[in-house]
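Morning, everyone. Please put the sequence and the structure up on the screen, and I will talk through them.

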Amino acid sequence: MQRRVALGHRIAGLRAQAGLSQEELAHLAGMERRSIQRYENAVRDPQYSDLLLIAHALRVHVTDLLHG
């Protein structure tokens with residue numbers, strides 16, 4: 001659970017640094033906004049493919065999401 005919370009904080013932090021809303025990040029990643037919301041709030045663990053989409057949308061390497 002702690003890892004899920006840490007991942008959610010990293011996604012939210014990188015999204016905020018990029019100046020994106022959850023809706024904008026979701027659009028760029030080709031996902032639903034509620035998926036981004038669930039990941040940021042540690043409700044769900046993202047699949048690896050979702051992490052890749054999020055990282056690409058944020059213009060970071062996927063390891064930046066995993067090991068912030």
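I will start with the whole chain, then go through two helices, the core and one arginine.

First, a caution: this is a predicted model.

The overall picture, then. The chain has five helices and zero strands. Read from the N terminus, the order of elements is α-α-α-α-α. The C-alpha atoms fit in a box of roughly 25 × 20 × 20 Å along the principal axes. Is that chain compact? Let me put it as a proper question: what radius of gyration would a compact globule of 68 residues have? The value would be near 11 Å, and the chain has 10 Å, so the two agree. Of the 68 residues, 37% are buried. The accessible surface is about 4,400 Å², and carbon and sulfur atoms account for 48% of that. As for contacts, take those between residues at least 6 apart in sequence: 53% of them join residues at least 24 apart.

Now helix α1. This helix covers residues 2-17, which is 16 residues. From first C-alpha to last, α1 reaches 22 Å, close to the 22 Å expected at 1.5 Å a residue. Which residues of α1 are buried? They are L7, G8, I11, L14 and R15. Seen down the axis, these buried residues fall within an arc of 135°, so they line one face of the helix. On the other side of α1, the exposed residues are Q2, H9, A16 and Q17. The cover over the buried residues of α1 includes α2 (22-29), α3 (33-40), α4 (48-58) and α5 (62-66). After α1 comes G19, with a positive phi near 70°.

Next, α2. Its buried residues are Q22, L25, A26 and A29. Around the axis they take up an arc of only 100°, which means that they sit on the same side of α2. Their cover includes α1, α3 and α4. This helix, too, is followed by a glycine: G30 has a positive phi, near 70°.

On to the core. In soluble globular proteins, nonpolar side chains tend to be buried together. Here the largest nonpolar core has 17 residues. Which of them touch the most other members? Those are I11, L25, M31, I36, I54, L58 and L65. Each of α1, α2, α3, α4 and α5 supplies at least two residues of this core. The largest share comes from α4, with five residues.

M31 is one to click on. Leaving out neighbours within four places in sequence, M31 is in contact with A26, I36, Y39, D50, L53 and I54.

Last, R38, which is found in helix α3. Is R38 buried, exposed or partly exposed? Its relative accessibility is 33%, and partly exposed runs between 20% and 50%, so R38 counts as partly exposed. Not counting residues up to four places away in sequence, R38 touches V43 and R44. R38 and S21 are 17 residues apart along the chain, and their C-alpha atoms are separated by 14 Å.

To finish, keep two things in mind: the chain is five helices with zero strands, and each of α1, α2, α3, α4 and α5 gives at least two residues to the largest nonpolar core. That is all from me.

Methods
Residues are numbered from 1 along each chain as its sequence is written. This is a predicted model: local features need pLDDT of at least 70, side-chain atom pairs count only at pLDDT 80 or more; totals for chains, interfaces and linings use all residues. Side-chain values use heavy atoms; hydrogens and water are left out. Helices (H or I, at least four residues) and strands (E, at least two) are DSSP runs, numbered from the N terminus. The expected span of a helix is 1.5 Å times one less than its number of residues. Buried means under 20% relative accessible area, exposed over 50%, partly exposed in between (1.4 Å probe, protein chains only). The arc is that of the directions from the helix axis to the C-beta atoms. Contact means heavy atoms within 4.5 Å. The radius of gyration is taken over C-alpha atoms; the globule rule is 2.2 Å times the number of residues to the power 0.38. Accessible areas come from the Shrake-Rupley method with a 1.4 Å probe; for residues, only the protein chains shown count as cover. A nonpolar core is a set of buried Ala, Val, Leu, Ile, Met, Phe, Trp, Tyr and Cys residues joined through side-chain atoms within 4.5 Å.
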